Protein chains: 2
Amino acid sequence: MRLTRDQVLARALDLLDEVGIEQLTMRRLASALGVQNGATYWHFASKQALLEAMAEAMLAGVADGLDPVRPWPERLAELARRLRRALLSRRDGARIFAGTFFPEPNALAYGEAAIGILRGAGLSARDATWAVDTLTYYVVGHTIEEQAAARLPDGGGPAVARLAGALDPGRHPNLLAALDHIPAPHPEEHFAYGLELLLAGLRAKADGK
Amino acid sequence: MRLTRDQVLARALDLLDEVGIEQLTMRRLASALGVQNGATYWHFASKQALLEAMAEAMLAGVADGLDPVRPWPERLAELARRLRRALLSRRDGARIFAGTFFPEPNALAYGEAAIGILRGAGLSARDATWAVDTLTYYVVGHTIEEQAAARLPDGGGPAVARLAGALDPGRHPNLLAALDHIPAPHPEEHFAYGLELLLAGLRAKADGK
DNA sequence: ACCTGAACACCGTTCAAGT
DNA sequence: ACCTGAACACCGTTCAAGT
(Lines give C-alpha, C1' and ligand atoms only; values in the text may rest on other atoms or scores of the structure.)
Protein backbone atom coordinates (compact mmCIF):
# COMPACT_ATOMS: atom_id res chain seq x y z
CA MET A 1 0.00 0.00 0.00
CA ARG A 2 1.18 3.46 -0.83
CA LEU A 3 2.27 5.94 1.81
CA THR A 4 0.30 8.98 2.85
CA ARG A 5 1.73 12.22 4.17
CA ASP A 6 0.21 11.46 7.58
CA GLN A 7 1.85 8.05 7.72
CA VAL A 8 5.24 9.57 6.99
CA LEU A 9 4.67 12.22 9.68
CA ALA A 10 3.51 9.68 12.27
CA ARG A 11 6.51 7.44 11.61
CA ALA A 12 8.84 10.42 11.88
CA LEU A 13 7.43 11.31 15.31
CA ASP A 14 7.78 7.73 16.52
CA LEU A 15 11.31 7.53 15.14
CA LEU A 16 12.12 10.76 16.98
CA ASP A 17 11.03 9.14 20.25
CA GLU A 18 13.14 6.09 19.50
CA VAL A 19 16.40 7.64 18.36
CA GLY A 20 16.33 11.38 19.19
CA ILE A 21 16.82 14.44 17.01
CA GLU A 22 20.50 13.72 16.31
CA GLN A 23 19.84 10.32 14.77
CA LEU A 24 16.62 11.32 13.02
CA THR A 25 17.66 11.16 9.37
CA MET A 26 15.66 10.97 6.18
CA ARG A 27 17.41 7.69 5.43
CA ARG A 28 16.47 6.07 8.73
CA LEU A 29 12.92 7.32 8.27
CA ALA A 30 12.72 5.82 4.80
CA SER A 31 14.12 2.58 6.16
CA ALA A 32 11.54 2.55 9.00
CA LEU A 33 8.82 3.03 6.39
CA GLY A 34 10.22 0.26 4.22
CA VAL A 35 10.84 2.51 1.22
CA GLN A 36 13.86 3.91 -0.60
CA ASN A 37 15.63 7.12 0.40
CA GLY A 38 13.97 9.36 -2.13
CA ALA A 39 10.40 8.24 -1.43
CA THR A 40 9.68 10.58 1.49
CA TYR A 41 10.58 13.55 -0.69
CA TRP A 42 7.40 13.09 -2.61
CA HIS A 43 5.43 13.81 0.62
CA PHE A 44 7.69 16.49 2.15
CA ALA A 45 9.78 18.81 0.02
CA SER A 46 12.69 18.74 2.48
CA LYS A 47 13.73 17.58 5.92
CA GLN A 48 13.03 21.09 7.19
CA ALA A 49 9.43 20.86 5.91
CA LEU A 50 9.03 17.57 7.75
CA LEU A 51 10.43 19.07 10.97
CA GLU A 52 7.97 21.97 10.70
CA ALA A 53 5.11 19.51 10.32
CA MET A 54 6.38 17.55 13.33
CA ALA A 55 6.50 20.69 15.47
CA GLU A 56 3.03 21.66 14.37
CA ALA A 57 1.71 18.18 15.18
CA MET A 58 3.10 18.36 18.71
CA LEU A 59 1.19 21.60 19.32
CA ALA A 60 -2.23 20.09 18.57
CA GLY A 61 -4.88 21.58 20.85
CA VAL A 62 -2.40 23.69 22.82
CA ALA A 63 -4.72 26.72 22.93
CA ASP A 64 -8.09 24.93 22.97
CA GLY A 65 -10.74 25.59 25.57
CA LEU A 66 -8.89 27.92 27.91
CA ASP A 67 -11.36 28.87 30.65
CA PRO A 68 -12.22 32.51 29.87
CA VAL A 69 -13.48 33.35 33.37
CA ARG A 70 -10.23 32.68 35.24
CA PRO A 71 -7.95 35.65 35.95
CA TRP A 72 -5.49 36.43 33.17
CA PRO A 73 -2.32 35.36 35.04
CA GLU A 74 -3.80 31.90 35.55
CA ARG A 75 -4.86 31.64 31.93
CA LEU A 76 -1.41 32.65 30.74
CA ALA A 77 0.29 30.24 33.17
CA GLU A 78 -1.97 27.45 31.94
CA LEU A 79 -1.04 28.23 28.34
CA ALA A 80 2.66 28.21 29.19
CA ARG A 81 2.32 24.86 30.97
CA ARG A 82 0.48 23.46 27.98
CA LEU A 83 3.23 24.59 25.61
CA ARG A 84 5.80 22.91 27.84
CA ARG A 85 3.75 19.70 27.97
CA ALA A 86 3.32 19.74 24.19
CA LEU A 87 7.09 20.02 23.71
CA LEU A 88 7.70 17.29 26.29
CA SER A 89 5.33 14.94 24.48
CA ARG A 90 8.15 13.86 22.13
CA ARG A 91 11.84 13.30 22.71
CA ASP A 92 13.74 16.50 21.89
CA GLY A 93 10.39 18.15 21.11
CA ALA A 94 11.61 21.54 22.30
CA ARG A 95 14.60 21.47 19.96
CA ILE A 96 12.38 20.47 17.05
CA PHE A 97 10.06 23.40 17.84
CA ALA A 98 12.95 25.84 18.25
CA GLY A 99 14.22 24.99 14.76
CA THR A 100 10.98 25.91 12.98
CA PHE A 101 9.61 29.24 11.79
CA PHE A 102 6.67 28.76 9.50
CA PRO A 103 3.30 30.02 10.74
CA GLU A 104 1.20 26.85 11.01
CA PRO A 105 -2.30 26.84 12.56
CA ASN A 106 -1.47 25.42 16.01
CA ALA A 107 1.53 27.69 16.50
CA LEU A 108 -0.60 30.64 15.42
CA ALA A 109 -3.35 29.62 17.86
CA TYR A 110 -0.82 29.67 20.68
CA GLY A 111 0.42 33.16 19.79
CA GLU A 112 -3.09 34.46 19.23
CA ALA A 113 -4.29 33.21 22.63
CA ALA A 114 -1.22 34.44 24.51
CA ILE A 115 -1.27 37.93 23.01
CA GLY A 116 -5.03 38.11 23.53
CA ILE A 117 -4.69 37.31 27.23
CA LEU A 118 -2.16 40.08 27.78
CA ARG A 119 -4.04 42.65 25.73
CA GLY A 120 -7.06 41.77 27.83
CA ALA A 121 -4.94 42.49 30.89
CA GLY A 122 -4.41 46.02 29.60
CA LEU A 123 -1.08 45.73 27.78
CA SER A 124 -0.62 47.46 24.43
CA ALA A 125 -0.30 45.29 21.32
CA ARG A 126 3.43 45.95 21.34
CA ASP A 127 3.95 45.11 24.99
CA ALA A 128 1.74 42.02 24.77
CA THR A 129 3.66 40.75 21.73
CA TRP A 130 7.07 41.31 23.27
CA ALA A 131 6.00 39.83 26.60
CA VAL A 132 4.76 36.70 24.83
CA ASP A 133 8.12 36.47 23.06
CA THR A 134 9.83 36.60 26.47
CA LEU A 135 7.52 33.96 27.88
CA THR A 136 8.02 31.70 24.87
CA TYR A 137 11.83 32.00 24.97
CA TYR A 138 11.57 30.95 28.60
CA VAL A 139 9.34 27.93 28.00
CA VAL A 140 11.38 26.71 25.05
CA GLY A 141 14.76 27.36 26.68
CA HIS A 142 13.72 25.63 29.87
CA THR A 143 12.27 22.65 28.04
CA ILE A 144 15.32 22.20 25.79
CA GLU A 145 17.52 22.02 28.91
CA GLU A 146 15.05 19.78 30.67
CA GLN A 147 14.99 17.28 27.82
CA ALA A 148 18.77 17.40 27.47
CA ALA A 149 19.20 16.82 31.22
CA ALA A 150 16.79 13.89 31.18
CA ARG A 151 19.08 12.15 28.66
CA LEU A 152 22.29 12.68 30.63
CA PRO A 153 24.00 9.47 31.78
CA ASP A 154 23.32 8.36 35.38
CA GLY A 155 20.77 11.07 36.03
CA GLY A 156 23.29 13.84 35.35
CA GLY A 157 25.60 12.77 38.18
CA PRO A 158 28.79 12.78 36.10
CA ALA A 159 27.91 16.18 34.61
CA VAL A 160 27.40 17.69 38.08
CA ALA A 161 30.64 16.07 39.24
CA ARG A 162 32.46 17.62 36.29
CA LEU A 163 31.02 21.03 37.17
CA ALA A 164 31.92 20.58 40.83
CA GLY A 165 35.45 19.66 39.81
CA ALA A 166 35.80 22.87 37.78
CA LEU A 167 34.82 25.08 40.72
CA ASP A 168 37.34 26.89 42.89
CA PRO A 169 36.04 27.76 46.39
CA GLY A 170 37.85 31.09 46.33
CA ARG A 171 36.59 32.14 42.91
CA HIS A 172 33.15 30.45 42.84
CA PRO A 173 31.50 30.63 46.27
CA ASN A 174 28.09 31.30 44.77
CA LEU A 175 28.26 28.48 42.25
CA LEU A 176 29.29 26.15 45.07
CA ALA A 177 26.26 27.26 47.07
CA ALA A 178 24.16 26.68 43.93
CA LEU A 179 25.37 23.12 43.29
CA ASP A 180 22.51 21.65 45.30
CA HIS A 181 20.04 23.39 43.02
CA ILE A 182 21.07 22.16 39.62
CA PRO A 183 17.76 21.89 37.78
CA ALA A 184 17.91 18.31 36.54
CA PRO A 185 16.19 16.62 39.48
CA HIS A 186 13.35 19.18 39.88
CA PRO A 187 12.14 20.27 36.46
CA GLU A 188 8.56 20.93 37.58
CA GLU A 189 9.51 23.24 40.45
CA HIS A 190 12.20 24.88 38.37
CA PHE A 191 9.76 25.60 35.55
CA ALA A 192 7.14 26.93 37.97
CA TYR A 193 9.66 29.26 39.57
CA GLY A 194 10.67 30.99 36.33
CA LEU A 195 7.07 31.16 35.18
CA GLU A 196 6.05 32.83 38.43
CA LEU A 197 8.93 35.28 38.02
CA LEU A 198 7.62 36.32 34.61
CA LEU A 199 4.06 36.57 35.90
CA ALA A 200 5.22 38.78 38.78
CA GLY A 201 6.86 41.07 36.24
CA LEU A 202 3.73 41.09 34.10
CA ARG A 203 1.48 41.88 37.05
CA ALA A 204 3.68 44.86 37.83
CA LYS A 205 3.41 46.03 34.19
CA ALA A 206 -0.35 45.50 34.07
CA ASP A 207 -1.00 47.28 37.37
CA GLY A 208 1.28 50.18 36.51
CA LYS A 209 -0.82 51.28 33.54
CA MET B 1 54.98 26.74 10.28
CA ARG B 2 53.00 24.39 12.45
CA LEU B 3 49.56 25.24 13.75
CA THR B 4 48.76 26.10 17.33
CA ARG B 5 45.49 25.46 19.11
CA ASP B 6 44.88 29.22 19.26
CA GLN B 7 45.38 29.61 15.52
CA VAL B 8 42.84 26.88 14.83
CA LEU B 9 40.38 28.54 17.23
CA ALA B 10 40.88 32.01 15.75
CA ARG B 11 40.38 30.71 12.20
CA ALA B 12 37.26 28.87 13.29
CA LEU B 13 35.77 32.07 14.72
CA ASP B 14 36.58 34.02 11.56
CA LEU B 15 35.16 31.24 9.40
CA LEU B 16 31.99 31.33 11.50
CA ASP B 17 31.60 35.04 10.72
CA GLU B 18 32.15 34.36 7.03
CA VAL B 19 29.91 31.36 6.44
CA GLY B 20 27.65 30.90 9.50
CA ILE B 21 27.12 27.92 11.77
CA GLU B 22 25.45 25.80 9.08
CA GLN B 23 28.43 25.94 6.74
CA LEU B 24 31.07 25.75 9.47
CA THR B 25 32.56 22.31 8.85
CA MET B 26 35.80 20.74 9.94
CA ARG B 27 36.70 20.31 6.28
CA ARG B 28 36.19 23.97 5.42
CA LEU B 29 38.18 24.92 8.50
CA ALA B 30 41.07 22.66 7.50
CA SER B 31 40.92 24.11 4.01
CA ALA B 32 40.99 27.68 5.39
CA LEU B 33 44.04 26.72 7.45
CA GLY B 34 45.74 25.14 4.44
CA VAL B 35 45.97 21.68 6.00
CA GLN B 36 44.34 18.30 5.46
CA ASN B 37 41.04 17.25 7.01
CA GLY B 38 42.49 15.30 9.88
CA ALA B 39 44.97 17.95 11.02
CA THR B 40 42.62 19.93 13.25
CA TYR B 41 41.84 16.79 15.24
CA TRP B 42 45.26 16.92 16.76
CA HIS B 43 44.33 20.27 18.37
CA PHE B 44 40.66 19.57 19.20
CA ALA B 45 39.39 16.10 19.95
CA SER B 46 36.09 16.72 18.13
CA LYS B 47 33.99 19.39 16.47
CA GLN B 48 32.01 19.66 19.71
CA ALA B 49 35.22 20.44 21.64
CA LEU B 50 36.03 23.16 19.12
CA LEU B 51 32.53 24.64 19.45
CA GLU B 52 32.88 24.70 23.25
CA ALA B 53 36.17 26.56 22.91
CA MET B 54 34.56 29.02 20.47
CA ALA B 55 31.71 29.72 22.90
CA GLU B 56 34.16 30.20 25.74
CA ALA B 57 36.25 32.59 23.64
CA MET B 58 33.20 34.74 22.87
CA LEU B 59 32.52 35.15 26.60
CA ALA B 60 35.93 36.68 27.37
CA GLY B 61 35.62 39.36 30.05
CA VAL B 62 31.83 39.10 30.27
CA ALA B 63 31.83 39.37 34.08
CA ASP B 64 34.88 41.60 34.57
CA GLY B 65 34.79 44.81 36.56
CA LEU B 66 31.09 45.08 37.31
CA ASP B 67 30.66 48.22 39.42
CA PRO B 68 29.91 46.88 42.93
CA VAL B 69 28.29 50.07 44.22
CA ARG B 70 25.43 50.23 41.75
CA PRO B 71 22.07 48.75 42.82
CA TRP B 72 21.68 45.04 42.12
CA PRO B 73 19.05 45.37 39.36
CA GLU B 74 21.41 47.60 37.37
CA ARG B 75 24.32 45.23 37.88
CA LEU B 76 22.24 42.26 36.74
CA ALA B 77 20.91 44.17 33.73
CA GLU B 78 24.46 45.15 32.80
CA LEU B 79 25.55 41.51 33.01
CA ALA B 80 22.64 40.41 30.82
CA ARG B 81 23.47 43.08 28.24
CA ARG B 82 27.08 41.96 28.25
CA LEU B 83 26.09 38.35 27.66
CA ARG B 84 23.94 39.45 24.72
CA ARG B 85 26.78 41.54 23.29
CA ALA B 86 29.23 38.67 23.70
CA LEU B 87 26.89 36.36 21.76
CA LEU B 88 26.32 39.02 19.10
CA SER B 89 30.07 39.41 18.61
CA ARG B 90 30.11 36.48 16.16
CA ARG B 91 27.63 35.36 13.55
CA ASP B 92 25.29 32.75 15.10
CA GLY B 93 27.14 33.22 18.39
CA ALA B 94 24.01 32.54 20.44
CA ARG B 95 23.42 29.20 18.70
CA ILE B 96 27.04 28.21 19.28
CA PHE B 97 26.69 29.07 22.98
CA ALA B 98 23.36 27.23 23.29
CA GLY B 99 24.96 24.04 21.97
CA THR B 100 27.65 23.87 24.65
CA PHE B 101 27.62 22.55 28.22
CA PHE B 102 31.10 22.24 29.59
CA PRO B 103 31.99 24.50 32.53
CA GLU B 104 34.77 26.70 31.15
CA PRO B 105 36.16 29.69 33.11
CA ASN B 106 34.33 32.54 31.36
CA ALA B 107 30.97 30.77 31.47
CA LEU B 108 31.56 30.01 35.14
CA ALA B 109 32.44 33.65 35.82
CA TYR B 110 29.12 34.71 34.29
CA GLY B 111 27.13 32.29 36.45
CA GLU B 112 29.11 33.12 39.55
CA ALA B 113 28.55 36.87 39.12
CA ALA B 114 24.85 36.53 38.29
CA ILE B 115 24.04 34.24 41.21
CA GLY B 116 26.12 36.43 43.51
CA ILE B 117 24.16 39.54 42.56
CA LEU B 118 20.83 37.89 43.34
CA ARG B 119 21.97 36.33 46.58
CA GLY B 120 23.19 39.79 47.54
CA ALA B 121 19.68 41.03 46.81
CA GLY B 122 18.37 38.62 49.41
CA LEU B 123 17.36 35.60 47.32
CA SER B 124 18.15 32.10 48.55
CA ALA B 125 20.79 30.09 46.71
CA ARG B 126 18.00 28.07 45.09
CA ASP B 127 15.97 31.08 43.99
CA ALA B 128 19.06 32.93 42.77
CA THR B 129 20.17 29.91 40.71
CA TRP B 130 16.78 29.33 39.15
CA ALA B 131 16.28 33.03 38.46
CA VAL B 132 19.64 33.17 36.68
CA ASP B 133 18.57 30.17 34.60
CA THR B 134 15.42 32.07 33.62
CA LEU B 135 17.40 35.18 32.74
CA THR B 136 19.92 33.18 30.71
CA TYR B 137 17.22 31.32 28.76
CA TYR B 138 15.81 34.73 27.94
CA VAL B 139 19.09 36.29 26.78
CA VAL B 140 20.05 33.26 24.70
CA GLY B 141 16.57 32.76 23.22
CA HIS B 142 16.26 36.39 22.31
CA THR B 143 19.71 36.55 20.76
CA ILE B 144 19.22 33.37 18.71
CA GLU B 145 16.08 34.91 17.20
CA GLU B 146 17.77 38.24 16.75
CA GLN B 147 20.68 36.72 14.83
CA ALA B 148 18.35 34.56 12.76
CA ALA B 149 16.17 37.60 11.92
CA ALA B 150 19.21 39.65 10.93
CA ARG B 151 20.02 37.04 8.25
CA LEU B 152 16.52 36.91 6.77
CA PRO B 153 16.30 38.03 3.12
CA ASP B 154 15.20 41.63 2.50
CA GLY B 155 15.18 42.56 6.17
CA GLY B 156 12.57 39.92 6.97
CA GLY B 157 9.94 41.43 4.67
CA PRO B 158 9.04 38.17 2.92
CA ALA B 159 8.82 36.32 6.26
CA VAL B 160 6.42 38.92 7.66
CA ALA B 161 4.41 38.80 4.44
CA ARG B 162 4.17 35.03 4.76
CA LEU B 163 2.95 35.38 8.32
CA ALA B 164 0.46 38.05 7.32
CA GLY B 165 -0.82 35.78 4.56
CA ALA B 166 -1.43 32.96 7.04
CA LEU B 167 -3.57 35.14 9.33
CA ASP B 168 -7.34 35.11 9.28
CA PRO B 169 -8.94 38.33 10.62
CA GLY B 170 -11.72 36.36 12.31
CA ARG B 171 -9.43 33.86 14.00
CA HIS B 172 -6.33 36.01 14.62
CA PRO B 173 -7.32 39.55 15.60
CA ASN B 174 -4.53 39.78 18.18
CA LEU B 175 -1.81 38.52 15.85
CA LEU B 176 -2.98 41.05 13.26
CA ALA B 177 -2.69 43.82 15.85
CA ALA B 178 0.76 42.45 16.69
CA LEU B 179 2.07 42.46 13.10
CA ASP B 180 3.51 45.95 13.49
CA HIS B 181 5.57 44.74 16.40
CA ILE B 182 7.48 41.85 14.92
CA PRO B 183 10.84 42.07 16.67
CA ALA B 184 13.20 42.08 13.69
CA PRO B 185 13.51 45.86 13.21
CA HIS B 186 13.86 46.77 16.92
CA PRO B 187 16.08 44.22 18.64
CA GLU B 188 17.47 46.67 21.21
CA GLU B 189 14.07 47.83 22.44
CA HIS B 190 12.72 44.31 22.29
CA PHE B 191 15.57 42.98 24.38
CA ALA B 192 15.25 45.81 26.91
CA TYR B 193 11.53 45.14 27.30
CA GLY B 194 11.90 41.48 28.22
CA LEU B 195 14.85 42.23 30.48
CA GLU B 196 12.82 44.87 32.33
CA LEU B 197 9.98 42.35 32.68
CA LEU B 198 12.29 39.89 34.40
CA LEU B 199 13.76 42.59 36.61
CA ALA B 200 10.27 43.70 37.66
CA GLY B 201 9.55 40.11 38.68
CA LEU B 202 12.83 39.87 40.56
CA ARG B 203 12.21 43.13 42.41
CA ALA B 204 8.87 41.76 43.55
CA LYS B 205 10.58 38.55 44.77
CA ALA B 206 13.38 40.44 46.51
CA ASP B 207 11.03 42.90 48.22
CA GLY B 208 8.61 40.19 49.28
CA LYS B 209 11.19 38.43 51.48
C1' DA C 1 0.48 9.59 -8.60
C1' DC C 2 3.95 7.55 -6.24
C1' DC C 3 8.24 5.07 -5.83
C1' DT C 4 12.95 2.94 -7.24
C1' DG C 5 17.77 3.10 -8.26
C1' DA C 6 21.45 5.48 -8.55
C1' DA C 7 23.98 9.20 -8.33
C1' DC C 8 25.91 13.99 -6.60
C1' DA C 9 28.10 16.57 -3.34
C1' DC C 10 28.99 16.60 0.76
C1' DC C 11 29.79 15.35 6.25
C1' DG C 12 32.74 13.95 11.13
C1' DT C 13 36.11 10.93 12.49
C1' DT C 14 40.00 7.63 12.60
C1' DC C 15 44.58 6.14 11.98
C1' DA C 16 48.75 4.06 9.90
C1' DA C 17 52.33 6.24 7.96
C1' DG C 18 55.32 10.00 7.25
C1' DT C 19 58.46 14.09 8.87
C1' DA D 1 54.94 16.48 18.11
C1' DC D 2 52.28 17.37 14.37
C1' DC D 3 50.46 16.41 9.85
C1' DT D 4 49.25 13.63 5.43
C1' DG D 5 46.60 10.42 2.79
C1' DA D 6 43.20 7.64 2.60
C1' DA D 7 39.59 5.43 4.16
C1' DC D 8 34.99 4.40 6.88
C1' DA D 9 30.41 5.19 7.62
C1' DC D 10 27.45 8.12 7.01
C1' DC D 11 24.39 12.58 5.37
C1' DG D 12 20.31 15.55 2.37
C1' DT D 13 18.77 15.97 -2.10
C1' DT D 14 17.76 15.18 -7.04
C1' DC D 15 15.83 12.90 -10.88
C1' DA D 16 15.33 9.83 -14.90
C1' DA D 17 13.04 5.82 -15.14
C1' DG D 18 9.68 2.60 -13.79
C1' DT D 19 4.73 1.07 -12.29
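1. Fold of the chain. Chain A has 10 helices and zero strands. This is a predicted model, and the points below should be read in that light. Along the sequence, chain A runs α-α-α-α-α-α-α-α-α-α. The C-alpha trace of chain A spans about 60 × 50 × 25 Å along its principal axes.

2. A residue inside the fold. Take A:A113 as one spot to inspect. A:A113 sits in helix 6 of chain A, which covers residues 105–120. Leaving aside residues up to four places away in sequence, A:A113 touches A:A63, A:L66 and A:L79. A:V62 is 51 residues from A:A113 along the chain, yet the C-alpha atoms of the two are separated by 9.7 Å.

3. Symmetry. How are the two protein chains related? A turn of 180° lays chain A on chain B, with a shift of 0.0 Å along the axis and an RMSD of 0.0 Å. That is the relation of a two-fold axis. Which residue of chain A comes closest to the rotation axis? It is A:G201, whose C-alpha lies 1.9 Å from the axis.

4. The protein interface, by extent. In chain A, 48 residues are in contact with 48 residues of chain B. The two chains bury about 4,600 Å² between them. Carbon and sulfur atoms carry 68% of that buried area. On the chain A side, A:W130, A:Y137 and A:Y193 lose the most area to chain B. Together these three make up 18% of what that side buries.

5. Same surface or not? Of the interface residues of chain A, 100% are also interface residues in chain B, so the copies meet through the same surface.

6. Polar links across the interface. How many salt bridges does the rule find between chain A and chain B? There are two. One of the salt bridges across the interface joins the side chains of A:R126 and B:E189, at 3.4 Å from N to O. The rule also finds 12 residue pairs in polar contact between the two chains, with both residues at pLDDT 80 or more.

7. Which elements build the interface? Five helices of chain A each give two or more residues to the side that touches chain B. They are helix 6, helix 7 (125–150), helix 8 (157–166), helix 9 (173–178) and helix 10 (187–207). Helix 7 gives the largest share, 13 residues. By class, this side of chain A has 24 nonpolar, 13 polar and 11 charged residues.

8. DNA strand C. This strand is surrounded by 17 residues. The closest are A:L3, A:Q36, A:W42, A:H43 and B:R27, a list with residues from chain A and chain B. Two of these residues put backbone atoms beside the phosphates. A backbone N or O atom of A:L3 is 2.7 Å from a phosphate oxygen of DNA strand C. For a backbone N or O atom of A:Q36, the distance to a phosphate oxygen of that strand is also 2.7 Å. B:R27 reaches a base instead: an N or O atom in the side chain of B:R27 is 2.4 Å from a base oxygen of DNA strand C.

9. What the protein meets on strand C. Of the atoms of DNA strand C within 4 Å of the protein, sugar or phosphate accounts for 60%, and the rest belong to bases. On the protein side, helix 2 of chain B (residues 26–33) provides the largest share of the surface near DNA strand C, with three residues. That surface has six nonpolar, six polar and five charged residues.

10. DNA strand D. Here too, 17 residues surround the strand. The closest are A:R27, B:L3, B:Q36, B:W42 and B:H43. Of the atoms of DNA strand D that come within 4 Å of the protein, 60% are sugar and phosphate. Helix 2 of chain A (residues 26–33) gives the most to the surface near DNA strand D, with three residues. By class, the surface near DNA strand D has six nonpolar, six polar and five charged residues.

11. Phosphate contacts on strand D. Three are worth checking in the model. A backbone N or O atom of B:L3 lies 2.6 Å from a phosphate oxygen of DNA strand D. A polar side-chain atom of B:H43 lies 2.6 Å from a phosphate oxygen of this strand. From chain A, a backbone N or O atom of A:K47 lies 2.8 Å from a phosphate oxygen of DNA strand D.

Definitions and conventions
Residues are numbered from 1 along each chain as its sequence is written. Chains are lettered from A and ligands numbered from 1 in the order in which they are written. This is a predicted model: local features need pLDDT of at least 70, side-chain atom pairs count only at pLDDT 80 or more; totals for chains, interfaces and linings use all residues. Side-chain values use heavy atoms; hydrogens and water are left out. Copies are superposed by least squares on the C-alpha atoms of residues with pLDDT of at least 70 in both. Contact means heavy atoms within 4.5 Å. Helices (H or I, at least four residues) and strands (E, at least two) are DSSP runs, numbered from the N terminus. Buried area is the accessible area (1.4 Å probe) that two parts lose on being put together, summed over both. A salt bridge is a side-chain nitrogen of Lys or Arg within 4 Å of a carboxyl oxygen of Asp or Glu. A polar contact is a pair of N or O atoms within 3.5 Å; within protein, one must be able to donate a hydrogen and the other to accept it, and residues adjacent in sequence count only if both atoms are side-chain atoms. Ala, Val, Leu, Ile, Met, Phe, Trp, Tyr, Cys and Pro count as nonpolar, Asp, Glu, Lys and Arg as charged, and the others, Gly among them, as polar. A residue is near a molecule or strand if one of its heavy atoms lies within 4 Å of it.
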